[in-house]
Amino acid sequence: MRTELADTVATDTTLPRFVVPAEIRQWGARMRLAERSTPRAVAMLLETIALYAGCVLFGEAVDTFWGWVVAWIGLTMCMMRIDAVHHEAIHRSLFRRRWPNDVVASISGAVEGFHGPTYRCFHLTHHALTRRDADPTDPEGFYDEVLTQPHRLGPLHITARGALVGGVLIGGVTFVVQLTVNAVATLMGRPPAYVRAASLERHVRRWGALAFLLWVGVVAIAVISGRSDELLRWWVVPMLWFLCGPYTFFALPEHCAAPHNNPMVTSTGTVRSNALYRWLTLDGNYHLAHHVFPTASWWRLDEADAKLRNLTGLRYSGYLAFYRALWRRLGAGTSTASDSAEPAMSGRTHRHVAVSDRRGRRDGRRLPAAKG
């Protein structure tokens with residue numbers, strides 16, 4: 001199949017372009033997948049705010065421990081939507097002009113605990129260098145190597161299953177700390193490798209102070225007004241619930257067991273999911289479609305996924321199915337990491353995971369088997 005270079009992952013960066021099948025790229029251009037709709041974006045943002053406010057009002061109305069547990073579950077789901085909003089905004093996929101996207105990215109990122117401008121650099125570099133080991137390397141490539149491998153810390157031996165559980169529980173929090181430290185370093189003139197593109201460093205310097213101002217301002221207002229309890233209930237607790245579980249849990253299948261140094265389309269997965277999850281995450285389960293068309297509007301990802309479904313072996317019938325298969329493999333001592341330049345699945349497993357019939361039914365009960 002003839003291939004060509006896709007557009008850069010962002011028009012204001014110098015990050016390398018990745019190769020996609022020519023017919024896929026041409027199809028995306030004909031379908032105008034990146035067409036923006038300001039009314040639709042505004043309606044989605046207002047819906048997100050209303051959902052969050054509704055959960056807070058429910059907790060305040062019931063005002064018991066178990067009532068707040070229910071409210072926190074709802075608020076954690078709202079955090080999943082806010083994370084999806086943040087993701088769309090850092091790709092500038094909400095509005096035609098840059099600055100509204102950058103404002104939304106900074107605010108939504110701060111709400112979920114992320115330094116939005118630094119995350120934009122991290123994520124765009126990941127798109128450009130998906131599972132690349134050369135320098136600069138994919139900054140997100142640690143998942144396979146850390147979360148699905150056994151570790152030894154001095155006399156303590158951590159099994160692969162223990163690393164998975166621990167990684168899901170602390171992965172989001174450690175990532176927040178990493179982003180914050182790297183944001184400070186960038187503002188002090190010592191950016192990490194994924195921020196060293198001149199345009200990206202300028203972006204962090206332009207918007208980098210906003211997240212800190214938001215955090216300091218909100219905390220200061222809560223303390224001065226004596227509303228620290230409300231701050232904890234309305235924001236800190238659901239943010240931590242989101243970071244200590246859902247964030248890493250739903251991110252891991254995107255590239256787990258992906259071959260390194262291969263074309264991006266063979267190193268990116270996609271997951272079939274239910275309508276609630278798709279609505280909450282703005283179709284975030286269609287990760288391959290997003291990687292091939294990183295500026296596509298979220299409501300077009302379902303259509304793009306149908307076009308791309310046969311390009312990857314990393315397809316799963318659901319998140320629980322993915323983790324059941326992964327848990328079995330880790331218990332059997334089978335590595336999921338792959339640093340090979342060849343696809344990481346056997347022919348039989350590739351067929352089992354990737355086959356789609358004409359009615360669109362997909363089977364993903366097995367994880368790709370790592371070579372070696």
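## Trp 235 and the main core

Trp 235 touches Tyr 52, Met 79, Ala 110, Val 111, Trp 215, Val 218 and Glu 230, leaving out residues up to four places away in sequence. This is a predicted model. Its largest nonpolar core has 69 residues. Trp 235 is one of the members that touch the most others, along with Tyr 52, Leu 94, Phe 114, Tyr 119 and Leu 252. The biggest share of this core comes from helix 3 (residues 65–90), which gives 13 residues.

A second core lies apart from that one. It holds 16 residues, including Leu 33, Val 265, Leu 301 and Ala 304.

## Helix 13 and helix 1

Leu 301 and Ala 304 are also among the buried residues of helix 13 (residues 301–308). Asp 305 and Leu 308 complete that buried set. The four cover an arc of only 105° around the axis, so they sit on the same side of helix 13. What do the buried residues of helix 13 pack against? Their partners are helix 1, strand 5 (270–271), helix 12 and strand 6 (315–316).

Helix 1 spans residues 22–31. Its buried residues are Ala 22, Ile 24, Trp 27 and Gly 28. Arg 32 comes just after helix 1 and takes a positive phi of about 55°.

## Asn 285 in its loop

Asn 285 is placed in the loop between helix 11 (275–280) and helix 12 (287–292). Is Asn 285 buried or exposed? Its relative accessibility is 2%, so Asn 285 counts as buried.

The side chain of Asn 285 reaches the backbone oxygen of Val 271 at 2.7 Å. Val 271 is also on the contact list of Asn 285, which leaves aside neighbours within four places in sequence. The other entries are Thr 270, Arg 272, Ser 273, Tyr 277, Arg 278 and Tyr 319.

## Aromatic pairs

The whole structure contains 22 aromatic pairs. One of them joins Phe 65 and Trp 66. This pair is edge-to-face, with 5.1 Å from centre to centre and 75° between the planes. Both residues, Phe 65 and Trp 66, are exposed.

Phe 212 and Trp 215 give another edge-to-face pair. Their ring centres are 5.6 Å apart and their planes stand at 85°. Both residues lie in helix 8 (residues 198–224). They are 3 residues apart, about one turn of the helix. Phe 212 is partly exposed, with a relative accessible area of 23%. Trp 215 has 17% and is buried. Trp 215 also appears among the contacts of Trp 235.

Ring pairs also build a cluster. It links Phe 114, Tyr 119, Phe 122, Phe 175, Tyr 194, Phe 242 and Tyr 247. Of these, Phe 114 and Tyr 119 were named above for touching the most other members of the largest nonpolar core.

## A charge over a ring

Arg 81 places its charged end over the ring of Trp 279. The distance to the ring centre is 5.0 Å.

## Glu 201 in helix 8

Helix 8 also holds Glu 201. Which residues does Glu 201 contact, leaving aside its neighbours within four places in sequence? They are Thr 186, Pro 191 and Val 195. Glu 201 and Cys 121 are 80 residues apart along the chain. Their C-alpha atoms are separated by 8.1 Å.

Technical notes: Residues numbered from 1 in each chain as written. Predicted model: local features only at pLDDT ≥ 70, side-chain atom pairs only at ≥ 80, totals over all residues. Heavy atoms only, no water. Helix = DSSP H or I, 4+ residues; strand = E, 2+ residues; numbered from the N terminus. Buried < 20%, exposed > 50% of the residue type's maximum accessible area, 1.4 Å probe, protein only. Polar contact = N/O pair within 3.5 Å; in protein donor to acceptor, adjacent residues only side chain to side chain. Contact = heavy atoms within 4.5 Å. Core = buried A, V, L, I, M, F, W, Y, C linked by side-chain atoms within 4.5 Å. Arc of directions from axis to C-beta. Phe/Tyr/Trp six-rings, centres within 6.5 Å; stacked < 30°, edge-to-face > 60°. Lys NZ or Arg CZ within 6 Å of the ring centre and 35° of its normal.
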